[in-house]
Amino acid sequence: MNENLKAIRSSGTNFGYCINCYNGCEHGCLYCYGRIARKMNATKWASAEPRLSVVDGLKSDIKRLNNDPIAKQAIKDIMVCSVTDCYQPLELEHRLTRQVVELLRANDLPFTILTKSVLVLRDMDVFSGYDKCRVGLTITTLDETYRKQLEPNTSRTCDKIFALEELHKHGVSTYCSVEPITPCPASNPKEIVKRFAPGVVDLFEFGMWTPKIQKAIPMLRYDEKYLVSVMQD
Ligand code: SF4
């Protein structure tokens, strides 16, 4: 039944399901997987557009799920968003992510946020006290010059660190996605981990990449052997 839903889609990843509120992403990351997956050039990808039907689609999905408890129980996690950033600047105006997470919480559905923007803190009231959500931020490097080269329109690293600390302070389950790890010395995953006081981040994630994307961006390295050597060194 869940394949007939409108806004909640199968993600094709461990998350099971996802909701995407925007097409494209204004953050402009050099290594963007979404842009490559969607075969779009950088300019078109950065001219992101809101998916205005997502909220009505989700309301319709929720109605169906509330009438089918088995289908609802089968949803173990929903990634918000999987192929774009849910808190990119457009969210300030459109508030689609805000409406989506409010609906998910009001209907007892689990979700995971992953973003590179401190705008996520605006919705602390939705996350706090809800044990079926977790909120992650991606931190690629502690070096601001390198961050601006890799992901020019994301929040500053110090602000992303602050966001995770605030989320933790408010009792929200946190995670930190440390990726992509590149051969550049400024990409230093161990220093990122050490930057946090114990317990602030509930889970660190170190990413692997698909050979297809690795081929498209030769300057990045995602092979497992390399990642293991970086972490053990
Ligand atoms: S934040 Fe994510 S979706 Fe947006 S440009 Fe960067 S990698 Fe792509």
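Val-172 touches Met-124, Phe-127, Ser-128, Val-135, Leu-167 and Asp-202, leaving out residues up to four places away in sequence. Keep in mind that this is a predicted model. Val-172 sits in the loop between helix 9 (157-169) and strand 8, and that loop is a handy starting point for a walk through the chain.

**Val-172 and its setting**
- Is Val-172 buried or exposed? Val-172 counts as buried because its relative accessibility is 3%, and the cut-off for buried is under 20%.
- Val-200 lies 28 residues away from Val-172 in sequence, and the two are 9.9 Å apart in space, C-alpha to C-alpha.
- Phe-127, one of the residues that Val-172 touches, also appears in the discussion of the largest nonpolar core below.

**Strand 8 and its partners**
- Strand 8 covers residues 173-178, and five of its six residues are buried.
- On one side of the pairing list is strand 7 (residues 133-138), which runs parallel to strand 8 and is joined to it by five bridges.
- Within that pair, Thr-138 stands opposite Ser-177.
- Strand 9 (residues 203-206) also runs parallel to strand 8, with four bridges between them.
- Here Ser-177 turns up again, standing opposite Glu-205 of strand 9.
- To get from strand 8 to strand 9, the chain passes through helix 10 (residues 189-194), in a β-α-β crossover that is right-handed.

**The nonpolar cores**
- Which members of the largest nonpolar core touch the most other members? They are Ile-78, Phe-111, Ile-113 and Phe-127, out of 50 residues in that core.
- Beyond its neighbours within four places in sequence, Phe-111 has contacts that include Asp-77, Ile-78, Val-80, Phe-127, Tyr-130 and Arg-134.
- A second, separate core has nine residues, among them Cys-29, Cys-32, Trp-45 and Tyr-146.

**Around the ligand**
- The residues around the ligand are Cys-25, His-27, Gly-28, Cys-29, Cys-32, Tyr-33, Trp-45, Thr-84, Asp-85 and Lys-116.
- Cys-29, Cys-32 and Trp-45 thus appear both in this shell and in the second core.
- Sorted by class, the shell holds five nonpolar, three polar and two charged residues.

**The chain as a whole**
- The chain contains 12 helices and nine strands.
- Of its 233 residues, 51% are buried.
- Looking at contacts between residues at least 6 apart in sequence, 73% join residues at least 24 apart.

How values were computed
Residues numbered from 1 in each chain as written. Predicted model: local features only at pLDDT ≥ 70, side-chain atom pairs only at ≥ 80, totals over all residues. Heavy atoms only, no water. Buried < 20%, exposed > 50% of the residue type's maximum accessible area, 1.4 Å probe, protein only. Helix = DSSP H or I, 4+ residues; strand = E, 2+ residues; numbered from the N terminus. Pairing = 2+ DSSP bridges. Right-handed = clockwise from strand over helix to strand, strands pointing away. Near = heavy atom within 4 Å. Nonpolar A, V, L, I, M, F, W, Y, C, P; charged D, E, K, R; others polar. Core = buried A, V, L, I, M, F, W, Y, C linked by side-chain atoms within 4.5 Å. Contact = heavy atoms within 4.5 Å.
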